[in-house]
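Me: I would like to learn how to read sheets and interfaces in a model of several chains. Please take one feature at a time, with the general idea before the case.

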Amino acid sequence: MVPEEITAILQVFLFPGFSFLFSLAFFVEWLDRKLVAKFQNRYGPLHVGPKGILQPFADFIKLLSKEDITPAMADRVPFIAMPLLMLTLAMTPLFCIPINGCSALVSFEGDLIVVMFIMTLIALLLFAGAWVSTNRFSTVGGIRAGLQMFGYEIPLNIVMIGPAIGAGSLSISEIIKWQSQGRWFIITQPLGFAILTICLLAHLQVVPFDIPEAETEIVSGWLVEFSGKKLALIRLARNFKLILAASLMTSLYMGGTSGLWQPNPLTYFIKLVVCVFILSNLRALFARFRIDQFLAGVWRYLTPLALLQISIVEVLAW
Amino acid sequence: MKTIKIPFGPQHPALEEPINFIFEVEEERVVNVKPRLGYIHRGIEKLAENRTYHQNVYLIERICGICSFAHTTCYTQAVEELLGIDIPERAKFIRTITAEMERVQNHYLWLGLTAKETGFETLFMYAWRDRETILEVLEMISGKRVNYGMNTIGGVRRDILETMTEQIEDKLSHLEDRAQYYKKICTKEQTILKRTVGVGILRPRDALSLCAVGPTLRASGIPRDVRADDPYAAYDEVPFKVVTYKRCDVASRILVRIDEILESINIIRYALENMPKGPIQVKVPQRVPKGEAVSQVEAPRGENIHYLKSDGSDKPVRLKVRAPTLANLPPLCKMLIDVNIADIPVVIAGIDPCIACAERVMLVDTKTKKRRIWSGDKLWRYSCEWYRKK
Amino acid sequence: MAMEDNLIKNLIKKPITLRFPYERAQSVERMRGKVTWKIEKCIGCTLCAKTCPSEAIELIGEGRNAEITYHVGRCLFCGECVDICPTKTIETTKEFELAFTQPKDMILEFRRTKRDRESSSEE
C-alpha cells in the first residue's frame with residue numbers, strides 16, 4: 001500500500017495541486033481570450049500550439065525575459081515583494097476548493113471565511129502596490145482600487161454566506177455535499193447568484209468594473225510601473241483569481257464536483273467552463289463605469305438586494 | 001486644496017496622435033488644462049513652396065490620412081479659382097460622391113474610437129469591421145483605400161462606371177442597416193449613456209464665441225455647415241438636411257455623427273442617380289496668374305480653410321492651411337474644465353481630434369517655462385542664418 | 001445588455017479576419033501597386049520624371065537611348081506617370097508586398113538590351 005504521506009505529496013504537487021493549477025491557469029486565460037475574440041468576430045490566439053492554446057504560456061515566458069526596472073523613488077522591498085505575495089495569496093484559496101472528489105485538500109469548518117479573508121487581503125495588496133510605485137497614474141489607480149473595494153466587499157461577503165446558511169455549514173466541502181443530496185443553490189437563491197457574478201466582476205477588475213486599471217485613461221493604473229518578471233507574476237495571479245472566482249461560483253451555487261455521477265473532476269471542469277463563459281460574455285458586453293457611478297450603483301442597488309436575499313434565506317431556514 | 005499635475009500624452013493609449021495636455025487635478029476633478037502642440041510638425045506649408053501646383057496635390061493629400069480628400073478638394077478649388085476655370089458638371093458630382101464616402105468612413109472610425117475610450121471594445125471592433133465595407137467601395141472607384149488620388153486641378157482622375165453602381169448600392173444598404181443598429185445601441189445601452197450624457201458640455205454661447213466648427217458646433221444646436229451656407233462642388237443641386245441636436249454633450253455628438261452617416265448615404269444615392277454625363281477633366285495651364293484665393297470645404301471634422309497666394313509662376317508663394325481641429329482646440333479646453341479624470345479621453349475623442357492636420361510650431365523656453373510664437377519673417381530669417389552657418 | 005443578440009450570433013459565424021498570408025483579400029481592377037516599364041517603347045520625352053511628385057524616376061541618356069532608374073522607396077503609387085506617358089510604356093502592376101531587406105534593392109533599373117541600343121543608334 002502506498003503510504004499516506006506519498007499520496008499527500010503527490011496530491012499537493014501534481015493533482016489537484018500545483019502543476020494542475022498552473023496548467024489550469026493558462027488554460028483559463030486562453031479560454032477567456034478566445035471567447036472574447038469570438039464575440040468580437042475575430043480569431044484570438046491562433047498560431048502558438050494547436051488553436052493557440054500555448055499562447056498564455058508563451059506570453060509568460062516572454063515577460064520573464066524582459067527588462068525589470070524598479071523606479072528610483074519607489075520603496076524597494078515592498079515593491080519587489082508585492083507580486084510574489086499576490087501570487088501566493090491568489091493561489092492559496094484554491095486548495096480549499098474541492099476538485100477531486102467531495103472534499104478539498106485542505107478543508108475544515110470555517111474555510112469559507114478564510115477564503116473571503118484572503119480575497120480581501122488581495123484587494124488591499126493592490127492598494128499597497130500602487131502606493132509604493134510613486135507614480136501619478138498608479139496613485140490614482142490605487143485610490144480607485146481602494147474605493148472600489150469599499151463598494152463590492154459587503155454584497156460579496158453577504159451572498160457568499162447565503163449558501164452557507166442554506167447548507168448549515170461554513171466549509172465549502174460540506175456545502176457541496178449538501179448540494180449533492182439537496183438542490184443546487186442556483187435554483188433556490190438565483191438573486192444571490194446574479195449578485196455574486198457582478199461582485200466577482202468587480203473583484204477581478206474586469207470590464208465593466210476595471211476602473212483601477214483603465215487602460216485608456218490612466219495607462220494601466222496601479223500596475224503601470226511593474227515590468228518584466230513582476231508583471232509576469234501579476235498576470236499569473238490574475239489568472240488564478242479568475243479560477244478562484246469561477247470555482248466559487250460553481251462550488252457555492254452550482255454543486256461543484258457533484259452532479260449526475262459520483263463527484264469527479266470532469267463535472268467540475270465543465271461547470272468551470274460554463275462560468276468562465278458567463279464572465280467573458282459579460283466582459284464583452286459593456287462599457288466601463290466611472291468610480292462615482294460604480295459606488296452609487298452598488299450602494300443603491302446591490303447592497304439592499306443582497307440583504308433582501310439573505311433575509312429570504314434566513315426566513316426559509318426557520 | 002492641493003492640486004497635482006497629470007501629463008496626458010504625447011504617448012498615451014487614448015491618443016491617436018501626439019499632443020500634450022497638462023491637467024491640474026484636484027481629487028479627480030480637472031481644474032485647469034494647458035495644451036501643447038508641435039510634436040508632429042512636418043513643415044508642409046514650406047514644402048509646398050518648392051513644388052509645382054500639380055505636384056502639390058499629392059503633398060496636400062498627405063496632411064492627414066483620414067480627411068485627405070477634403071484637403072485636396074479645398075486646395076484644387078483654390079487653384080481653380082485663381083485660374084478662373086470651371087470644372088465639368090460630372091467632375092463636381094464625382095467630387096461630391098467621394099467626399100461623402102470619406103465622411104462615412106471617417107464617422108465609422110470615430111465611432112469605434114470613442115467606444116474604445118469608454119472601454120467598450122466590442123463596439124470598437126464592430127464599427128471598424130463595418131468600415132471595411134466603405135473602404136472596399138473607395139478602392140473600387142479609385143484604386144486605393146486611403147489617399148485616393150482622385151482629385152486633380154481641373155477635375156477628377158477616375159470615373160464611376162455604370163457597372164459599379166449596383167455593387168455600391170448593395171454596400172450602401174448594408175452600411176445603412178448597421179448605422180441604424182448603432183443608433184439604437186447608442187440610445188439604449190445604459191453603460192454608454194452613463195458615460196456620455198451630461199459629459200463635456202459646451203453651451204451655444206461659448207461654442208460661438210470660441211469658434212467651434214463641425215459636429216461639435218452642431219451638437220450644441222447651431223445649424224452651421226459649409227455645404228449649406230456656401231455650397232461648393234455639387235451641393236447646391238443635391239438636397240440634404242443639416243443635422244443638429246440640442247443637448248450639448250458627448251452623447252449628442254455621437255448622435256449627430258450617426259445621423260450624418262445616414263444623410264451622406266442618401267446624398268450618395270441621389271448623386272449616383274442624377275449624375276450628368278460628360279468629361280471629367282479639363283486641361284489647365286502650368287502657370288497660375290497672380291492673385292490670392294481662399295476656399296473652404298466641410299471636411300468630416302468641420303470647416304477646412306486653405307489660403308493660396310500666387311505670383312504668376314508655376315510654384316505657389318504661400319499656402320496656409322487652417323484645419324478644423326485647430327479651431328476646436330479652444331472649445332476643448334473649455335469643455336475639459338470641471339470634468340472627472342475618467343471622462344478626459346471621452347471628451348477629447350468627442351471633438352474628433354486630428355492633430356496631424358492642426359500642427360503649429362511653438363517655442364518653449366525650458367528654463368523660464370515661457371512660450372513664444374514666431375512670425376513668418378522671423379522664421380525665414382532664422383532658416384537663412386542656419387543654412388549659412390552650415 | 002443591448003448587444004447580446006449580436007454577440008451570440010457572432011459565436012457561430014466565421015471570424016472576419018483574413019489570415020494573411022494564407023488568405024488574401026481580393027484585388028480590384030483599379031488597384032495601384034508598383035509600376036513597371038516596357039523599355040523598348042520609351043522615347044525619352046522625360047515627362048514622367050518631370051511630373052513625379054516625389055522624384056522617384058531618373059532618366060539616363062536621352063531620346064531613343066533613354067534608360068530608367070526607378071526608386072521604389074520614394075514612389076507614392078499615384079499613377080501620374082502612367083497617365084501622362086504618350087507611348088503607354090509605363091504600366092501599373094498589382095504588386096503591393098514590397099518589403100526589401102537592403103536599401104539598394106529598392107532601386108530598380110530598366111535598361112535596354114544591346115540589340116535595342118544598336119538598332120536605335122542606327123536610326
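Reply: This is a predicted model. Start with one pair of residues: B:Lys309 stands opposite B:Arg318 in β8(B).

Me: Which other residue stands opposite a residue of β8(B)?

Reply: B:His306 does, and its counterpart in β8(B) is B:Val321. The strand that pairs with β8(B) here is β7, residues 302–310 of chain B; five bridges join the two, and they run antiparallel.

Me: What holds paired strands together in general?

Reply: Strands of a sheet pair through backbone hydrogen bonds, and the pairing is either parallel or antiparallel. In this model, β6(B) and β7(B) also pair in the antiparallel sense, over nine bridges. One position to look at is B:Ser295, which stands opposite B:His306 in β7(B). B:His306 thus serves as a reference point on both sides, given its place opposite B:Val321 in β8(B).

Me: How many residues lie between β6(B) and β7(B)?

Reply: Two residues lie between them, and the two strands form a hairpin.

Me: What is the order of strands in the whole sheet of chain B?

Reply: The order is β6-β7-β8, an open sheet of three strands with antiparallel pairing. The twist averages 10° from one strand to the next.

Me: Why is one side of β6 and of β8 in chain B left without a neighbour in the sheet?

Reply: β6 (291–299) and β8 (318–322) of chain B stand at the edges and have a single partner strand each, so one side of each has no neighbour in the sheet.

Me: Which helix packs on this sheet?

Reply: Helix α12 of chain B, residues 324–335, packs on it and touches β6, β7 and β8 of chain B. The direction of α12 makes about 125° with that of β7(B).

Me: Now the sheet in chain C. What is its strand order?

Reply: Read it by the same steps: order, edges, twist, then pairs. The order is β2-β3-β5 in chain C, an open sheet of three strands paired antiparallel. Its edge strands are β2 (57–60) and β5 (107–110) of chain C, each pairing on one side only. Here the twist averages 20° from one strand to the next.

Me: How many bridges join β2(C) to β3 of chain C?

Reply: Four bridges join β2(C) to β3, which covers residues 67–71 of chain C, and the two run antiparallel. As an entry point, take C:Leu59, whose bridge partner in β3(C) is C:Ile68.

Me: Let us turn to interfaces. How is the size of an interface often given?

Reply: It is often given as the accessible area lost when the parts come together. For chain C and chain B, the buried area is about 2100 Å², with 46% of it from carbon and sulfur atoms. Within chain C, the residues that lose the most area to chain B are C:Met3, C:Arg30 and C:Arg32, together 36% of what that side buries. As a residue count, 22 residues of chain C are in contact with 28 residues of chain B.

Me: How many salt bridges are there between chain C and chain B?

Reply: There are three salt bridges between these chains. The side chains of C:Glu80 and B:Arg157 meet in a salt bridge at 3.6 Å, N to O. Polar contacts are counted separately: 14 residue pairs across this interface, both residues at pLDDT 80 or more.

Me: Which elements of chain C give two or more residues to the side that touches chain B?

Reply: They are α1 (4–12), α2 (47–51) and α3 (80–84) of chain C. The largest share, four residues, comes from α1(C). By class, that side of chain C has twelve nonpolar, four polar and six charged residues.

Me: What are the figures for the buried area of chain A and chain B?

Reply: These two chains bury about 2300 Å² between them, 56% of it on carbon and sulfur atoms. The contact takes 24 residues from chain A and 28 residues from chain B.

Me: Which residue forms a salt bridge with A:Arg290?

Reply: B:Asp343 does, with the closest N and O atoms 2.8 Å apart. The count for this interface is one salt bridge. There are nine residue pairs in polar contact between chain A and chain B, both residues at pLDDT 80 or more. On the side of chain A that touches chain B, α6 (136–167), α10 (215–218) and α13 (291–317) of chain A are the elements that give two or more residues. By class, that side has twelve nonpolar, four polar and eight charged residues.

Notes: Residues are numbered from 1 along each chain as its sequence is written. Chains are lettered from A and ligands numbered from 1 in the order in which they are written. This is a predicted model: local features need pLDDT of at least 70, side-chain atom pairs count only at pLDDT 80 or more; totals for chains, interfaces and linings use all residues. Side-chain values use heavy atoms; hydrogens and water are left out. Contact means heavy atoms within 4.5 Å. Buried area is the accessible area (1.4 Å probe) that two parts lose on being put together, summed over both. A salt bridge is a side-chain nitrogen of Lys or Arg within 4 Å of a carboxyl oxygen of Asp or Glu. A polar contact is a pair of N or O atoms within 3.5 Å; within protein, one must be able to donate a hydrogen and the other to accept it, and residues adjacent in sequence count only if both atoms are side-chain atoms. Ala, Val, Leu, Ile, Met, Phe, Trp, Tyr, Cys and Pro count as nonpolar, Asp, Glu, Lys and Arg as charged, and the others, Gly among them, as polar. Two strands pair if DSSP finds at least two bridges between them. Axes are lines fitted to C-alpha atoms, for helices over the stretch in contact, and angles run from 0 to 180 degrees between N-to-C directions.
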